[in-house]
Amino acid sequence: MFIRSLVALILLSAPLMAQDAQYLGSYRWQSSDPLHGGFSGLELTDDGRGYVTISDRGAIETGQLKRDARGVVSQVMSDGIVPLKGAKSDALPRYGTDAEGLAVGGDGTIYISFEGLHRIWSYASVNARAVPLPAHPDFKSLQNNSGLEALAIDAQGRLLTMPERSGERSTPFPVYRNGGGTFGIVYRIPRSGEYLPVGMDVGPDGQLYVLERWFRGIGFSSRVRRFDISGNTADGEVTLVESGLGVHDNLEGIAVWRDAQGIRITMISDDNFKPFQVTEFVDYRVIE
């Protein structure tokens, strides 16, 4: 009870720090479905209303978001949440349910990265069986709970993935790109402070947005950095969002889209299926 009260106090009093993005609002999403929670990946349609999200218990959900006059999520209309299927059966393998990264291709193909059994699978639909993608040799040596957290698709339709840890504090995070059917390291994202990457997206502006978190014992701080990606380089780093301790819950999924006012960032939190955490959508607008 003391910890819950302390976290609540932090949520009310902690400052919100944002350099080049404006916080618009948050929406707490609740459901009685036992599969609801643990959301680690998020994709939105171009208008920011249709959503796909995945959970670390191996489930996928689709639906529509209703937004208020500010463009902040105000209601979630779910089409239902269903367990993901495996490659050879209608169930995921044991210890292989921890879905973390999510990306949706232009043709509707769903790509999901998993921790534990580190891999990336594609799905033709939410009810289809998985098709395994070729893995990079590095994937075998990833830490058990620090695998391929982030997944995105670039402007050329190529799949990008990044692990949560790089091995050493001085070592940049490698970004792998699937080109010609195989993954290779294409970018290296510099480490900065205690933050670790948990999600990424390539926005309609062609830039790479990286969502990072810092677990600080009694709560989380979140950060979004943006990079210009061209050829085999990622530079022009800008910190768009950096939240105070406990301002948001455990943000893990990020989707970048555009409306009439410009670039928007929507994020979703992973509540770890804990009663003292929440599932929330969080909306920001990038200041141009």
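Me: In this predicted model, how many of the nine residues of strand β19 (residues 251-259) are buried?
Reply: Strand β19 is largely enclosed by the rest of the structure. That follows from the burial count over residues 251-259, which is seven of the nine.

Me: Which strand does β19 pair with, and over how many bridges?
Reply: Leu251 has Ser269 as its bridge partner in β20. The two strands form a hairpin with two residues between them. They run antiparallel, and the partner is β20 (residues 262-269), joined to β19 by eight bridges.

Me: OK, over to strand β5 (residues 59-67): why is it largely enclosed by the rest of the structure?
Reply: β5 sits in an open sheet with the order β3-β4-β5-β6, so it isn't one of the edge strands, which are β3 (39-44) and β6. It pairs antiparallel with β6 (residues 73-83) over nine bridges, and six bridges join β4 (residues 50-55) to it. The enclosure itself comes from the burial count: seven of the nine β5 residues are buried.

Me: Which glycine takes a positive phi in the hairpin of β4 and β5?
Reply: Thr53 is matched with Glu61 of β5 as its bridge partner. The hairpin has three residues between the strands, and the positive phi, near 75 degrees, belongs to Gly58.

Me: And what about the hairpin of β5 and β6: which residue has the positive phi there?
Reply: In this pairing Thr62 has Gly80 of β6 as its bridge partner. Five residues lie between the strands, and the one with phi near 90 degrees is Gly71.

Me: What does the twist average from one strand to the next in the β3-β4-β5-β6 sheet?
Reply: Pairing in this open sheet is antiparallel. β3 and β4, for instance, pair over five bridges, with Gly41 opposite Ile54 in β4. From one strand to the next, the twist averages 25 degrees.

Me: Which residues does Ile189 contact, leaving aside its neighbours within four places in sequence?
Reply: Ile189 is among the residues that touch the most other members of the largest nonpolar core, which has 17 residues. Elements giving two or more residues to this core include β14 (182-189) and β17 (220-230). Beyond its sequence neighbours, Ile189 is in contact with Met162, Pro172, Phe173, Val175, Leu208, Arg225, Phe227 and Ala234.

Me: Which two arginines form salt bridges with Glu212?
Reply: Glu212 is buried, with a relative accessible area of 1%. One partner in strand β17 is 11 residues apart from it, and the other, also in β17, is 13 residues apart. Their relative accessibilities are 5% and 0%, so both count as buried. The N to O distance is 2.8 Å for Arg223, and likewise 2.8 Å for Arg225.

Me: Glu149 is buried yet has no salt bridge, so how far away is the nearest side chain of opposite charge?
Reply: Glu149 lies in the loop between β10 (131-132) and β11, and its contacts include Arg213 and Glu252. Those two side chains meet in a salt bridge of their own at 2.5 Å. A salt bridge needs nitrogen and oxygen within 4 Å, and for Glu149 the nearest opposite charge, Arg213, is 4.2 Å away.

Me: Which four residues are joined into one network by salt bridges that share partners?
Reply: The whole structure has 11 salt bridges. One of them, Glu252 with Arg213, ties together parts that are 39 residues apart in sequence. The network with shared partners is made of Arg67, Asp259, Arg264 and Asp283.

Methods. Residues numbered from 1 in each chain as written. Predicted model: local features only at pLDDT ≥ 70, side-chain atom pairs only at ≥ 80, totals over all residues. Heavy atoms only, no water. Core = buried A, V, L, I, M, F, W, Y, C linked by side-chain atoms within 4.5 Å. Buried < 20%, exposed > 50% of the residue type's maximum accessible area, 1.4 Å probe, protein only. Helix = DSSP H or I, 4+ residues; strand = E, 2+ residues; numbered from the N terminus. Contact = heavy atoms within 4.5 Å. Lys, Arg positive; Asp, Glu negative; His and termini not counted. Pairing = 2+ DSSP bridges. Axes fitted to C-alpha atoms, helices over the stretch in contact; angles between N-to-C directions.
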